[in-house]
Amino acid sequence: MAVLLLSLASAFFVGLNNVLIRKGLERTSQSQANLVSLIVSTAIFLIVSVVFGRVGSFLTLAALVFLLSGLLGPGLGRALNITSINRIGVSRTIPLIGMAPFFATIFAIVFMDEQYSFYIFFGMALIIFGVFVLSRRPSISLGVKKQLFEKKDLLIPLAAALLGGVSMATTKIALGGLDDPIAGATLALSAALGVVFGYVVGTKQIRKLNFTRKEIMFPALSGCAMAAGFFFNFRALQEGSVALVASVFSTFPLFGVFLSHFFLREQITSRIWLGAAVIVLGIIVIQLF
């Protein structure tokens, strides 16, 4: 039960992070919002690591694995996520990125000899389907125009999902060598920040950055939510299996939808209730069986 609650807490804060990012997009670009969010979340963990004397952990071998984890999912995966939204839109990107728990579970089973059951995969399938139903709702376009896209562009969010899944499994491996979620999250977020900053520089969007108070307020708040999400996610992986944590964590769009109702005044439709019910059913299947 503790792993379930930690995973749900992680999903809640990641959902909140996404809603605050979307709120911030009313005044800034997606690249800048994600960059500011990562800067704030990384700074929080760096400060906590210094205060509680965790800096020495950065020099261990396991620290390299945490850096790899951050490079893959929060780093390269996030950059691909941004690219995918720009290419094919939010409604197509979210369901495909929702495949991350499937890839995480497969990786854990093949390379980590993790135990699995039919109910894990059945519950995971329900959650992924529920996320698909949620993503088909009418929503703010976030500045992305409806347009035709090439089918090969669908490989971008799939690659992001693969990297996200492998990143979660890699985090579990790293926690086996360094049982410290705070130090681990600090290293992972630092690596992710380096990748996203490189993406902003490489795509020449750095020239468009404008760090005014109005532009960074909501992205900065989202960074606080991201920090909480990372902490609870790492704590869940510290206690539970990759398959369970990844599956429950993938419910973050559900929290995002309902939080959007309060923060963005988005309407909750019958389709959303259906998607929510399917996701909850998936969680029950995984937890009880």
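**Exercise 1. The residue after helix 5**

Determine what sign phi takes at Asp113, just after helix 5, and whether Asp113 is buried or exposed.

*Solution.* Start with the backbone: Asp113 has a positive phi of about 55 degrees, although Asp113 is a residue other than glycine. Most residues other than glycine have a negative phi. The model is a predicted one, in which local features need pLDDT of at least 70 and side-chain atom pairs count only at pLDDT 80 or more, while totals for chains, interfaces and linings use all residues. Residues are numbered from 1 along each chain as its sequence is written, and side-chain values use heavy atoms, with hydrogens and water left out.

Next, place the residue: Asp113 is found in the loop between helix 5 and helix 6, where helices are DSSP runs of H or I with at least four residues (strands are runs of E with at least two), numbered from the N terminus. Finally, Asp113 has a relative accessible area of 63% and is therefore exposed, given that buried means under 20%, exposed over 50% and partly exposed in between, with a 1.4 Å probe and protein chains only.

For a second case, turn to Lys204, which is not a glycine and has a positive phi of about 60 degrees. Lys204 lies in the loop between helix 8 (181-202) and helix 9, and it counts as exposed because its relative accessibility is 53%.

**Exercise 2. The two sides of helix 5**

Work out how the buried residues of helix 5 are arranged around its axis, and which exposed residues lie on the face turned away from them.

*Solution.* First check the length: the 13 residues of helix 5 should span 18 Å at 1.5 Å a residue, and the end C-alpha atoms are 17 Å apart, which agrees; the expected span is 1.5 Å times one less than the number of residues.

Second, list the buried positions, which are Ala100, Pro101, Ala104, Thr105, Ala108 and Ile109. Viewed down the axis, the buried residues of helix 5 fall within an arc of 160 degrees, so they line one face, the arc being that of the directions from the helix axis to the C-beta atoms. Residues three or four places apart point the same way because an α-helix has 3.6 residues a turn.

Third, look at the face turned away from the buried side, which carries the exposed residues Val110 and Phe111. Val110 and Phe111, together with Phe102 and Ile106, make a nonpolar surface patch of about 380 Å². Such patches consist of residues with over 30% relative accessible area and no salt bridge, nonpolar side chains (Val, Leu, Ile, Met, Phe, Trp, Tyr) being joined within 5 Å and like charges within 9 Å; the areas come from the Shrake-Rupley method with a 1.4 Å probe, and for residues only the protein chains shown count as cover. Phe102, at 31% relative accessible area, is partly exposed.

**Exercise 3. Phenylalanine rings on helix 9**

Classify the ring pairs that Phe234 forms with Phe66 and with Phe230.

*Solution.* Begin with the whole structure, where a search finds twelve aromatic pairs. Rings of Phe, Tyr and Trp (its six-membered ring) pair if their centres lie within 6.5 Å, and planes under 30 degrees apart count as stacked, over 60 as edge-to-face and the rest as tilted. The rings of Phe66 and Phe234 have centres 6.0 Å apart and planes at 15 degrees, so this pair is stacked. It links distant parts of the chain, with Phe66 in helix 3 and Phe234 in helix 9, 168 residues apart.

For Phe230 and Phe234, the centres are 5.8 Å apart and the planes stand at 45 degrees, so the pair is tilted. Both of these residues lie in helix 9, four residues apart, about one turn of the helix. As for burial, Phe66 has a relative accessible area of 0% and Phe234 one of 2%, so both are buried.

**Exercise 4. Salt bridges**

State how many salt bridges the structure holds, and where the partners Asp153 and Arg87 lie.

*Solution.* The search finds four salt bridges, each a side-chain nitrogen of Lys or Arg within 4 Å of a carboxyl oxygen of Asp or Glu. In one of them, the closest N and O atoms of Asp153 and Arg87 are 3.0 Å apart. This pair links distant parts of the chain, 66 residues apart: Asp153 sits in the loop between helix 6 (118-135) and helix 7 (155-177), and Arg87 in helix 3 (residues 61-88). Asp153 counts as buried at 8% relative accessibility, whereas Arg87 counts as partly exposed at 41%.

By way of contrast, Arg235 and Glu239, bridged at 3.1 Å, both lie in helix 9 (residues 213-239), four residues apart.
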